[in-house]
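Student: I am new to this structure. Please take a close look at its salt bridges, and then show me the part of the fold around them.

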Amino acid sequence: MIRRPPRSTQSRSSAASDVYKRQISIAAVMMFCACKTPQADLIIHHARIYTVDSAFSVTEAMAVKDGKILATGKNDDILKHFTALENIDAQGKAVYPGFIDAHAHFVGYGRSLFQVDLFGCNNWEEAVTRVKAFAAEHPNLDWIQGRGWDQNRWPGKSFPTNEALNQLFPNKPVVLTRVDGHASIANQKALDLAGIKAGQTITGGFIEVKNGKLTGVLIDNADDKVYAQIPEPSKEMYTQWLQQAEKNCFAQGLTTITDCGLSYRDVEAIDALQKEGKLNMRLYVMSVSYTHLRAHETPEHLVCRLLLE
């Protein structure tokens, strides 16, 4: 049997020292890991945060990471236990969960952002001015559409005529829907594209003529032929409408919408944009049958008309 020579006192001391150092290092690492402050993306503090939990409690601060709330609590607790890339002192302002609109027209709202807003015009001249300004801001549109004029707000309460629209837009079709959707005014270019002439009769509608000339005013079903000339919206148009509508809604804290009265085409457009990650608004949709839809009406306009009738 071969015996190993005994270690020297110095060797045993050195080995013990190495073990001790390793133990100290491991303990230090464990203490560092245990004491490391969790990292958040955002801390909001000194706020009135309405949690809408089961007790509807109100708290002062919260930490957020990857779009999810890590914790809520007192200012000192959140600031002590979390660090963040961004800290917001709300200075006592309120913080709410995202709002939900149970009955809205998200697609219609998006569409309206790319049409002339004629609500509240005090006279026809103001309406024409708005159309002119809109056209200058959107020179690439093939059609100019608008909605909201109401002659009952104007002196004399008479229907307008399209002379000014004809002068301003001789080569671009213009059609503007009355506030209730029961009448429109179109310029001569739009009337020509629709084949509308003085003396024609329309079942369920009326074509206004003065001194043998078209005024451009088309009542009820009379404007169907004009709206039938407008091309179906492209994917690019849907993208513009819905992304701008989403931006505006998010800015007001509106994050979920029930959209009432959408066509199948509208629903397909929403679905495609959400799958592509280009639309983040949470939507519940109600489709509508085309059975009662007039040729020019959007589903949203149909819902409004049926409510008014």
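Tutor: What follows goes from the whole chain to the salt bridges, and then to one sheet and a loop beside it.

Start with the setting. This is a predicted model. The chain has 309 residues, and 37% of them are buried. It holds 10 helices and 16 strands. Contacts between residues at least 6 apart in sequence are a useful guide to the fold. Of these, 66% join residues at least 24 apart. The accessible surface of the chain is about 18,900 Å². Carbon and sulfur atoms account for 55% of that surface.

Now the salt bridges. How many does the structure hold? There are 7. Three of them are described here, one by one.

Take Glu126 and Arg130. Their closest N and O atoms are 2.9 Å apart. Both residues sit in helix α4, which covers residues 124-137. They are 4 residues apart there, so about one helical turn separates them. Is Glu126 buried or exposed? Neither label fits: Glu126 is partly exposed, because its relative accessibility is 25%, and buried would require under 20%. Arg130 is also partly exposed, with a relative accessible area of 26%.

Next, look at Lys235 and Glu276. Their side chains form a salt bridge with an N to O distance of 2.6 Å. This pair links distant parts of the chain, with the two positions 41 residues apart in sequence numbering. Lys235 belongs to helix α8, residues 235-251. Glu276 lies in the loop between α9 (264-275) and β16 (282-287). How open are the two ends? Lys235 is partly exposed at 45% relative accessible area. Glu276 is partly exposed too, at 37%.

One more pair completes the set, and it belongs to a network. Salt bridges with shared partners connect Asp150, Arg178 and Asp180 into one network. Within it, the side chains of Asp180 and Arg178 meet at 3.1 Å, N to O. Which of these two is buried? Arg178 is, with a relative accessible area of 9%. That value counts as buried because the limit is under 20%. Asp180 is partly exposed instead, at 23% relative accessibility.

Go back to β16, the strand that follows the loop of Glu276. It is part of an open sheet of 3 strands. The order is β8-β15-β16, and the pairing is parallel. Which strands lie at the edges? They are β8 (99-104) and β16, and each pairs on one side only. Ignoring direction, neighbouring strands of this sheet are turned by 10 degrees against each other on average.

Look closer at one pairing in that sheet. β8 and β15 (residues 254-262) pair in the parallel sense over 4 bridges. One residue match can be picked out: Phe99 has Leu254 in β15 as its bridge partner.

Finish in the loop between β15 and α9. Ser263 has its place there. It is buried, because its relative accessibility is 3%. What does its side chain reach? The side chain of Ser263 reaches the backbone nitrogen of Asp266, at 3.1 Å.

To trace all this in the model, begin at helix α4 with Glu126 and Arg130. Move on to the network of Asp150, Arg178 and Asp180. Then find Lys235 in helix α8 and Glu276 in its loop. End with the sheet β8-β15-β16 and with Ser263 in the loop between β15 and α9.

Conventions
Residues are numbered from 1 along each chain as its sequence is written. This is a predicted model: local features need pLDDT of at least 70, side-chain atom pairs count only at pLDDT 80 or more; totals for chains, interfaces and linings use all residues. Side-chain values use heavy atoms; hydrogens and water are left out. Buried means under 20% relative accessible area, exposed over 50%, partly exposed in between (1.4 Å probe, protein chains only). Contact means heavy atoms within 4.5 Å. Accessible areas come from the Shrake-Rupley method with a 1.4 Å probe; for residues, only the protein chains shown count as cover. A salt bridge is a side-chain nitrogen of Lys or Arg within 4 Å of a carboxyl oxygen of Asp or Glu. Two strands pair if DSSP finds at least two bridges between them. Axes are lines fitted to C-alpha atoms, for helices over the stretch in contact, and angles run from 0 to 180 degrees between N-to-C directions. A polar contact is a pair of N or O atoms within 3.5 Å; within protein, one must be able to donate a hydrogen and the other to accept it, and residues adjacent in sequence count only if both atoms are side-chain atoms.
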